[in-house]
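Please open the model in your viewer and keep the selection tool at hand. The stops below are meant to be taken in order.

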Amino acid sequence: MTGPTERAQNWRIVVAGGGIVGLALALALARAAPRVIDVTLADPVLARDPAGDRRAYAVAAASRRMLSALGVWPEIAGQAQEMREMAITDSHLADPVRPVFLEFGGEGARRDADGEEPSSEEPFAHMVESAVLARALRAACRDAGVEMLEAGVRRATPAADGAGVAVRLTDGSTRDVHLVCAADGKRSRLREGAGIGWSGWDYPQSGLSAIVGHARDHEGRAIQHFLPSGPFAMLPLTPGGALGHRSAIVWSERETDVAHMLALDEDLLLEEIERRFGLELGAIALETPIQAFPLEFGIARAFVAPRLALLGDAAHVIHPIAGQGVNLGLKDAAVLAERIVSAVRLGMDPGAADVLEDYQRARRADTVAMGLATDALNRLFSNDVPPVRMLRDLGLGLVNRMPAAKRFFMREAAGVPGRGGARLLRGEDL
């Protein structure tokens with residue numbers, strides 16, 4: 001195997017998918033090995049203004065460190081809201097009072113770069129709107145020399161000799177590359193083309209999301225109301241809007257009731273939101289139209305195939321109950337980028353089977369564990385069986401009285417790895 005300095009040309013890698021995860025991977029590769037790797041990012045979404053995407057993400061501490069290491073957090077920080085507290089309730093919709101069974105403060109999120117004893121305060125997450133993340137990552141990719149194509153990847157066919165892969169784009173053009181990284185969503189065309197199976201199921205729920213304005217300051221406090229139909233999350237955003245303050249809501253509702261909710265006029269819909277949102281933040285108003293999306297669980301039966309690596313929703317889809325979807329995808333990007341960059345620095349082929357298998361070993365078990373944990377939480381809390389409610393509320397109350405347990409759960413939410421974890425997730429350069 002020849003070293004990179006002996007090669008006539010660089011290693012060529014196509015990242016299929018211009019969402020947050022694909023952008024982060026492309027940027028990590030371009031920044032870490034600009035003279036060794038040529039990175040192409042391909043997705044028709046790159047032709048659209050990201051302002052149209054009104055979603056917001058809970059960016060965990062590990063993901064924030066990764067974005068800092070990639071040089072984009074300074075562009076994001078001013079529009080990122082710290083999540084300083086999290087409160088969890090378990091009640092019926094009609095209950096006049098919703099007692100808090102479990103409450104986390106900022107102290108639970110402190111952790112040093114090695115994952116050992118806390119060294120300085122760090123919020124366990126920041127709420128950031130999707131458009132803010134996309135703009136910063138797109139600009140950084142362009143500055144780093146990533147080729148940005150406003151076309152999708154239609155097909156990736158490994159060469160007969162196994163030395164490369166032929167990529168056909170939706171504009172009819174072709175590329176011969178060494179590796180394709182598929183971040184092309186849960187209906188991944190590349191995953192299906194590679195014959196990789198999918199294990200999962202649909203939930204009898206749909207997700208509803210919107211940005212809600214309110215008169216009083218949320219003070220960085222997130223609230224998760226567990227209701228019989230599913231969780232209702234109120235997630236703090238930066239100030240703004242007609243009422244001066246804003247929060248994102250992510251609302252899981254029985255699928256049979258969603259069509260009715262979406263058919264309501266704005267005043268009646270706002271009444272339904274207020275029943276869940278409560279009155280502690282004063283008057284509320286819808287800042288964005290409400291959006292609905294199906295809820296499902298799914299994991300690819302393999303994360304790799306010849307000359308192909310899956311990441312983000314192409315590899316896994318989980319329930320949003322813990323807000324970990326985008327963070328799982330960024331973990332994939334951090335690990336895959338590290339394996340690729342380490343390989344090329346050693347003169348190895350980044351698309352070789354052993355490099356990809358190393359990535360799969362590092363990510364699949366963690367992903368399955370997180371997916372099953374969120375599935376179990378949703379099943380545990382999205383019901384109204386009295387003995388189950390009594391036991392889960394007792395468990396929440398016990399955890400609330402155990403500082404060590406609360407710190408453990410906050411550190412898991414923050415996601416910062418210990419020694420040996422992905423360098424980017426510790427805030428270190430590749």
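Select helix 1 and helix 8 together in this predicted model, and look along the pair: residues 20-32 form helix 1 and residues 325-345 form helix 8, and their axes come within 9 Å and cross at roughly 25°. Since angles under 35 degrees count as roughly parallel, helix 1 and helix 8 are therefore roughly parallel to each other. The crossing of these two helices, helix 1 and helix 8, is right-handed.

Now show the side chains where the two helices touch. On the helix 1 side, select Ile20, Val21, Ala24, Leu25, Ala28, Leu29 and Ala32; they meet a set of residues in helix 8 that comprises Val326, Gly329, Leu330, Ala333, Leu336, Ala337, Ile340, Val341 and Arg345. Sorted by character, the residues of this contact between helix 1 and helix 8 are 14 nonpolar, 1 polar and 1 charged.

Stay in helix 1 and pick glycine 22, which has its place in that helix. Is glycine 22 buried or exposed? With a relative accessible area of 2%, glycine 22 is buried. If neighbours within four places in sequence are left aside, the contacts of glycine 22 are with Val15, Gly17, Leu41 and Ala183. A distance label drawn from glycine 22 to isoleucine 76, C-alpha to C-alpha, should read 18 Å, for two residues that are 54 residues apart in sequence.

Next, colour the open sheet, in which 6 strands follow the order 8-2-1-12-20-19 with mixed pairing. Its edge strands are strand 8 (147-149) and strand 19 (304-305), each of which pairs on one side only. At the strand 19 edge, follow the 2 bridges that join strand 19 to strand 20 (residues 308-310), the two strands running antiparallel; here valine 304 stands opposite alanine 309 of strand 20.

The last stop is strand 7. Select residues 125-129, and this strand proves to be mostly covered, with 5 of its 5 residues buried. In a regular strand the side chains alternate between the two faces of the sheet. In strand 7, Ala125, Met127 and Glu129 lie on one side and His126 and Val128 on the other, and all are buried, so that both faces are covered.

Add the partners of strand 7 to the selection. Strand 3 (residues 56-60) pairs with strand 7 in the antiparallel sense over 5 bridges, and alanine 58 stands opposite methionine 127 there. Strand 4 (residues 81-83) also pairs with strand 7 in the antiparallel sense, over 3 bridges, and glutamate 82 stands opposite histidine 126.

Terms used
Residues numbered from 1 in each chain as written. Predicted model: local features only at pLDDT ≥ 70, side-chain atom pairs only at ≥ 80, totals over all residues. Heavy atoms only, no water. Axes fitted to C-alpha atoms, helices over the stretch in contact; angles between N-to-C directions. Helix = DSSP H or I, 4+ residues; strand = E, 2+ residues; numbered from the N terminus. Parallel < 35°, antiparallel > 145°, perpendicular 65-115°, else oblique. Left-handed = near helix turned anticlockwise from the far one by under 90°. Contact = heavy atoms within 4.5 Å. Nonpolar A, V, L, I, M, F, W, Y, C, P; charged D, E, K, R; others polar. Pairing = 2+ DSSP bridges. Buried < 20%, exposed > 50% of the residue type's maximum accessible area, 1.4 Å probe, protein only.
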